[in-house]
2 protein chains.
Amino acid sequence: MPKKTFFNLSVSKRELIEAVAIDEFAANSYRGASISQIVAKAGIAKGSFYQYFVDKRDLYNHILSIVQTCKIEMVKDMTPPSSVMDTFGYLRWMIQVAVMFELKHPKLAKIEQDAFLENPLANESEPGEQEATDATVRFRDFLTQGIMHDDIAPWVDIDMAAFFLASVYHQIGQYLIARMADKANAIANGSVDIAFDPLTQDLFDNLMDLVEAGIAREPQIRKDYYSK
Amino acid sequence: MPKKTFFNLSVSKRELIEAVAIDEFAANSYRGASISQIVAKAGIAKGSFYQYFVDKRDLYNHILSIVQTCKIEMVKDMTPPSSVMDTFGYLRWMIQVAVMFELKHPKLAKIEQDAFLENPLANESEPGEQEATDATVRFRDFLTQGIMHDDIAPWVDIDMAAFFLASVYHQIGQYLIARMADKANAIANGSVDIAFDPLTQDLFDNLMDLVEAGIAREPQIRKDYYSK
DNA sequence: CATTTTTATGACTGAGCGGTCGTATTCTAA
DNA sequence: TTAGAATACGACCGCTCAGTCATAAAAATG
C-alpha cells in the first residue's frame with residue numbers, strides 16, 4: 001500500500017502520478033517500466049516518489065488495484081435491467097463487460113493482461129467477502145450452472161470449456177480494436193464510439209453464436225447427441 | 001545473422017550456446033534476458049560472444065529461426081498418413097501440431113509466444129517460396145475452404161473465427177500442461193508421455209468437439225439455421 | 001621455422017536502473 | 001514569530017546492462 005503521504009496529496013497531483021504510471025506500465029509492463037521515467041514525466045523528484053511509495057512493486061500493486069476498482073465499477077454500471085436472464089444471456093453479458101473494459105480502458109486492460117501473464121495464479125485482494133474475480137473460476141461456475149439447467153451440452157468438459165471461454169474473454173477486445181483499425185481516425189476524434197458501433201455489435205454477436213453453436217455446418221457431435 | 005565465426009565453432013559448443021540462450025530467453029523473454037548471464041552460463045568470454053553475434057537482437061533472431069525450423073520439422077514428422085482428409089480432420093491436425101510442439105518443446109513455444117506478443121505482425125523469413133506460417137492466416141484459408149466445401153456454417157465470420165481459432169491454438173498447450181500438473185512427476189521422470197496420455201487425447205477431442213459444435217445443448221443459431 | 005590471420009579474453013565504458021539520504025522548503029500550530 | 005513536523009528535492013550509491021577494445025593465444029599458411 002502507498003504511504004499515507006500519497007493520500008495527503010491533492011487529488012489532481014495524485015491522479016497525475018497515477019496516470020503517468022498507468023502509461024508507463026501499459027507501455028513497458030512491470031519489468032520494463034522505469035521509476036526514473038515516471039518521476040520525470042510526472043514532474044516530481046525521485047525522493048518524493050519514495051515518500052509516496054515503498055518501492056516499485058508498491059506503486060504497481062496500487063495501479064493494479066485501480067484496474068480492479070475500475071473494472072468492478074464497469075460491471076456495476078452494466079448490470080442488466082432485467083435480473084431474469086437465461087444462461088447464454090448471462091454469458092454474453094459477462095464477455096461484453098470484458099470487451100467494454102478493453103475498449104474503454106485499453107491501457108488498464110493491457111496492464112491487467114500483463115499481470116495475468118506474469119503470474120497466472122494471482123487471486124488478488126482480501127479473500128473475505130469479495131467474490132472471485134478470476135475469469136476462469138467464474139466461467140466454471142457458469143458452466144456448472146448451465147449444465148444443471150440443461151442449457152449446456154452435458155458432454156462438455158467444464159474445466160476445459162472454462163479455460164476456452166477465458167482465453168476468448170481475454171483476447172476478444174484486442175481483436176475488435178484491430179478489426180476496427182480502419183475506423184481508427186473516426187474513433188480517435190470521437191465521431192465513432194467503438195463500443196457501440198454496429199460492426200462491433202455484429203462481430204460480438206457472431207462470436208457468441210460461434211461459442212454457442214460451433215463452426216461446423218452439421219456438427220457430428222451434435223448428430224450423435226440427438227440420435228441418442 | 002550470426003557471424004561466420006559462430007558457424008566455425010564445434011557443434012557441441014554451438015549447441016551449448018544455443019541451449020543456454022534458449023533457457024535465458026524462455027525464462028526472461030527478450031527484454032529481460034541478459035547477455036552477461038548467457039556468456040557466464042555458457043562459459044565463454046563476453047568478447048567471444050561478440051565475435052559470434054552482432055548484438056543481442058542477432059542472437060535472438062537466430063534463436064527464433066531455430067524455433068521455426070524445429071516447428072517445421074515437427075509439422076513434417078506429423079504429416080498424416082492419409083493425404084485425403086476432411087475439413088475437420090485437417091483442423092484437428094493443425095491444432096494437434098501446435099499442442100505437440102508446446103508439449104515437446106515448451107521453452108521454444110514460450111519464446112515463440114513472447115515474440116508474438118511483442119510484435120503481433122511478424123511475418124518472418126523470406127517471403128519468397130515459404131508459405132505463410134502465421135496461424136491466423138492459415139486458419140482464414142482453412143475456413144474459406146471449409147465454407148466452399150459446405151463443411152462450415154456460412155453465417156460464420158471468417159476473420160473473427162480465424163482469430164478465435166488462433167487464440168485457442170496459441171493457448172491450448174499451456175492449458176494441457178497445467179491440467180496434467182498432478183502427473184508432473186510421472187511426466188518428468190519419463191514414465192508418462194504427456195503427448196500420448198489418454199487424458200490428453202480426451203481433452204483434445206473435447207476441445208475439438210467444442211469448436212465444431214459449440215457449448216450449447218440446443219443452440220438457437222442452429223435451430224434458426226435448420227428451420228430455413 | 002616465421003608470419004599472418006583468426007579466435008579468445010575480460011577489463012572497461014557509458015548509460016540506466018531502483019533506491020537512499022542530507023538538506024531545503026513548506027506547512028502547522030502555539 | 002517561531003519551533004517542530006511534514007514534505008520536496010536531486011545528487012548520489014551500488015549494481016547490471018549491452019557493447020567495445022587492446023591484447024594475448026591459437027591456427028593456419030608458407
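1. Chain B and chain A bury about 4,400 Å² between them. Carbon and sulfur atoms carry 63% of that area. Buried area is the accessible area (1.4 Å probe) that two parts lose on being put together, summed over both. Three residues, B:Met160, B:Ile215 and B:Arg217, supply 19% of the area that chain B buries against chain A, more than any other three residues.

2. Some ground rules come next. This is a predicted model, in which local features need pLDDT of at least 70 and side-chain atom pairs count only at pLDDT 80 or more, while totals for chains, interfaces and linings use all residues. Residues are numbered from 1 along each chain as its sequence is written, chains are lettered from A and ligands numbered from 1 in the order in which they are written, and side-chain values use heavy atoms, with hydrogens and water left out.

3. How many residues does each chain bring to the contact? Chain B gives 48 residues and chain A gives 49 residues. Contact here means heavy atoms within 4.5 Å. The copies meet through the same surface, because 100% of the interface residues of chain B are also interface residues in chain A.

4. Now the polar side of this interface. The rule finds 28 residue pairs in polar contact across the interface of chain B and chain A, both residues at pLDDT 80 or more. A polar contact is a pair of N or O atoms within 3.5 Å; within protein, one must be able to donate a hydrogen and the other to accept it, and residues adjacent in sequence count only if both atoms are side-chain atoms. On chain B, the elements that give two or more residues to the side touching chain A are helix H2 (11-32), helix H6 (87-104), helix H9 (158-179), helix H11 (198-213) and helix H12 (220-227). H9(B) provides the largest share, 13 residues. Helices (H or I, at least four residues) and strands (E, at least two) are DSSP runs, numbered from the N terminus.

5. What classes of residue make up the side of chain B that touches chain A? The division is 30 nonpolar, seven polar and eleven charged. Ala, Val, Leu, Ile, Met, Phe, Trp, Tyr, Cys and Pro count as nonpolar, Asp, Glu, Lys and Arg as charged, and the others, Gly among them, as polar.

6. Salt bridges deserve a look. One is a side-chain nitrogen of Lys or Arg within 4 Å of a carboxyl oxygen of Asp or Glu. The structure holds 22 of them over all chains. The rule finds six across the interface of chain B and chain A. A:Asp150 pairs with B:Arg217 in a salt bridge, with the closest N and O atoms 3.0 Å apart. Another salt bridge joins the side chains of A:Lys110 and A:Asp114 (2.9 Å, N to O). Both of these residues lie in helix H7 (residues 106-118) of chain A, four residues apart, about one turn of the helix.

7. Check the symmetry next. A turn of 180 degrees and a shift of 0.0 Å along the axis lay chain B on chain A with an RMSD of 0.1 Å. That is the relation of a two-fold axis. Copies are superposed by least squares on the C-alpha atoms of residues with pLDDT of at least 70 in both. Of the residues of chain B, B:Gly214 comes closest to the rotation axis, at 1.9 Å (C-alpha).

8. DNA strand C is surrounded by 20 residues, the closest being A:Ile35, B:Asn8, B:Gly47, B:Ser48 and B:Gln51. A residue is near a strand if one of its heavy atoms lies within 4 Å of it. Sugar and phosphate account for 56% of the strand C atoms that come within 4 Å of the protein. A polar backbone atom of A:Ile35 is 2.8 Å from a phosphate oxygen of strand C. For B:Ser48, a side-chain N or O atom is 3.3 Å from a phosphate oxygen of strand C. H4(B) gives the most to the surface near strand C, with five residues.

9. DNA strand D has 19 residues around it, the closest being A:Asn8, A:Gly47, A:Gln51, A:Tyr52 and B:Lys56. Sugar and phosphate make up 53% of the strand D atoms within 4 Å of the protein. Which part of strand D does A:Gly47 approach? A backbone N or O atom of A:Gly47 lies 3.0 Å from a base oxygen. A polar backbone atom of B:Lys56 is 2.8 Å from a phosphate oxygen of strand D. H4(A) brings the largest share of the surface near strand D, five residues.
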